[in-house]
Amino acid sequence: MNISATFLLAFGMSMDAFAASIGKGATLHKPKFSEALRTGLIFGAIETLTPLLGWGLGMLASQFVLEWNHWIAFVLLAFLGGRMITEGLRGNGEEEEAPQHRHGFWLLVTTAIATSLDAMAVGVGLAFLQVNIIATALAIGCATLVMSTLGMMVGRFIGPLLGKRAEILGGVVLIGIGAQILWAHFAG
């Protein structure tokens with residue numbers, strides 16, 4: 001795989017994380033760049049590890065992984081999206097709660113895992129090609145770091161415009177990503 005193909009693959013794999021991080025940024029109250037970078041680092045680290053894991057699984061049991069990865073991603077994203085929608089709908093008529101400035105570590109890790117399962121599937125496919133899996137995984141992780149950090153900052157500007165609806169929109173985006181993963185699997 002040449003460098004331009006690796007570059008395109010890396011940024012293609014980062015798009016789910018970009019969309020999810022926009023939603024995450026929109027639900028926070030004026031997230032700082034340090035929070036955006038923290039999110040980007042978490043998403044990027046996990047997106048680096050999942051193709052490596054997929055590559056290893058591809059060497060062992062590719063059929064099982066390819067058979068179920070889309071369902072696992074859909075269930076995780078639907079759960080997280082449903083939770084965000086529920087939180088967005090809750091408390092509209094109640095007292096105003098303190099604005100949230102930071103997402104919990106485990107929430108970000110779970111979201112990152114859910115959005116990076118496609119990278120694991122790509123890793124399975126790469127196990128059958130002559131590629132430098134370390135360089136490819138690092139390229140995917142770096143692209144995800146950049147795109148997730150950028151997504152959080154874009155979400156920072158969208159959030160105040162949408163208010164509490166930003167969390168609902170973020171949940172819908174996560175469910176949409178999960179549905180798109182299922183659609184791509186069954187359509188292709």
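Which residues is Ser 116 in contact with, leaving aside its neighbours within four places in sequence? I began my notebook with this question, and I record here that the model I consulted is a predicted one.

**Entry 1: Ser 116**

I located Ser 116 in helix α4, which covers residues 105-126. Leaving aside its neighbours within four places in sequence, I found Ser 116 in contact with Ile 46, Glu 47 and Thr 50. I then looked up its accessibility. Ser 116 has a relative accessible area of 0%, so I entered it as buried, since buried means under 20%.

**Entry 2: Thr 39 and Gly 40**

I turned next to two residues of helix α3. Thr 39 lies in this helix, and Gly 40 is found there as well. I noted Thr 39 as buried because its relative accessibility is 0%. Gly 40 also counts as buried, at 0% relative accessibility.

I listed their contacts, leaving aside in each case the neighbours within four places in sequence. Thr 39 is in contact with Leu 108 and Met 152. Gly 40 is in contact with Leu 145, Ser 148 and Thr 149.

I also checked one distance for Gly 40. From C-alpha to C-alpha, Gly 40 and Val 146 are 6.6 Å apart in space, while 106 residues separate them in sequence.

**Entry 3: Gly 178**

Where does Gly 178 lie? I found Gly 178 in helix α6. With a relative accessible area of 0%, Gly 178 is buried. Leaving aside its neighbours within four places in sequence, Gly 178 is in contact with Phe 74 and Leu 77. I also compared Gly 178 with Ala 78: the two are 100 residues apart in sequence, yet their C-alpha atoms are 6.5 Å apart in space.

**Entry 4: Helices α5 and α6**

Two packed helices are described by the angle between their axes and the distance between the axes. I therefore looked up both values for helix α5 (residues 133-162) and helix α6 (residues 165-187): the angle is about 125°, and the axes are 7 Å apart. How are α5 and α6 oriented to each other? I recorded them as oblique to each other. The contact between them is made by Gly 159, Leu 161 and Leu 162 of α5, together with Arg 165, Ala 166 and Leu 169 of α6.

**Entry 5: Salt bridges**

Side chains of opposite charge can pair when their charged atoms come close. How many salt bridges does the count come to? I noted a count of two.

I found that Arg 38 forms a salt bridge with Glu 35, and that their closest N and O atoms are 2.9 Å apart. Both residues lie in helix α3, three residues apart, which is about one turn of the helix. I checked the accessibility of each partner. Arg 38 counts as buried because its relative accessibility is 15%, and Glu 35 is buried with a relative accessible area of 4%.

I found the side chain of Glu 35 in a salt bridge with that of Arg 102 too, at 3.8 Å from N to O. This pair links distant parts of the chain, for Glu 35 is in helix α3 and Arg 102 is in the loop between α3 and α4, 67 residues apart. I entered Glu 35, Arg 38 and Arg 102 as one network, joined by salt bridges that share partners.

**Entry 6: Lys 30**

I looked up Lys 30 in the loop between α2 (15-27) and α3. Its phi is near 45°, and I marked this as a positive value in a residue other than glycine. Is Lys 30 buried or exposed? Its relative accessible area is 52%, so I recorded Lys 30 as exposed; the cut-off for exposed is over 50%.

**Entry 7: A nonpolar patch**

I ended at the surface. Which residues form a nonpolar patch there? I noted Trp 68, Trp 71, Ile 72 and Phe 186, with about 440 Å² of accessible area together. Helix α3 (residues 33-89) supplies the largest share of this patch, three residues. One member, Trp 68, is found in helix α3. Trp 68 has a relative accessibility of 41%, so I entered it as partly exposed.

Technical notes:
Residues numbered from 1 in each chain as written. Predicted model: local features only at pLDDT ≥ 70, side-chain atom pairs only at ≥ 80, totals over all residues. Heavy atoms only, no water. Patch = residues over 30% accessible without salt bridge, like charges linked within 9 Å, V, L, I, M, F, W, Y side chains within 5 Å. Areas by Shrake-Rupley, 256 points an atom, 1.4 Å probe, with all protein chains shown as cover. Salt bridge = Lys/Arg side-chain N within 4 Å of Asp/Glu carboxyl O. Helix = DSSP H or I, 4+ residues; strand = E, 2+ residues; numbered from the N terminus. Buried < 20%, exposed > 50% of the residue type's maximum accessible area, 1.4 Å probe, protein only. Axes fitted to C-alpha atoms, helices over the stretch in contact; angles between N-to-C directions. Parallel < 35°, antiparallel > 145°, perpendicular 65-115°, else oblique. Contact = heavy atoms within 4.5 Å.
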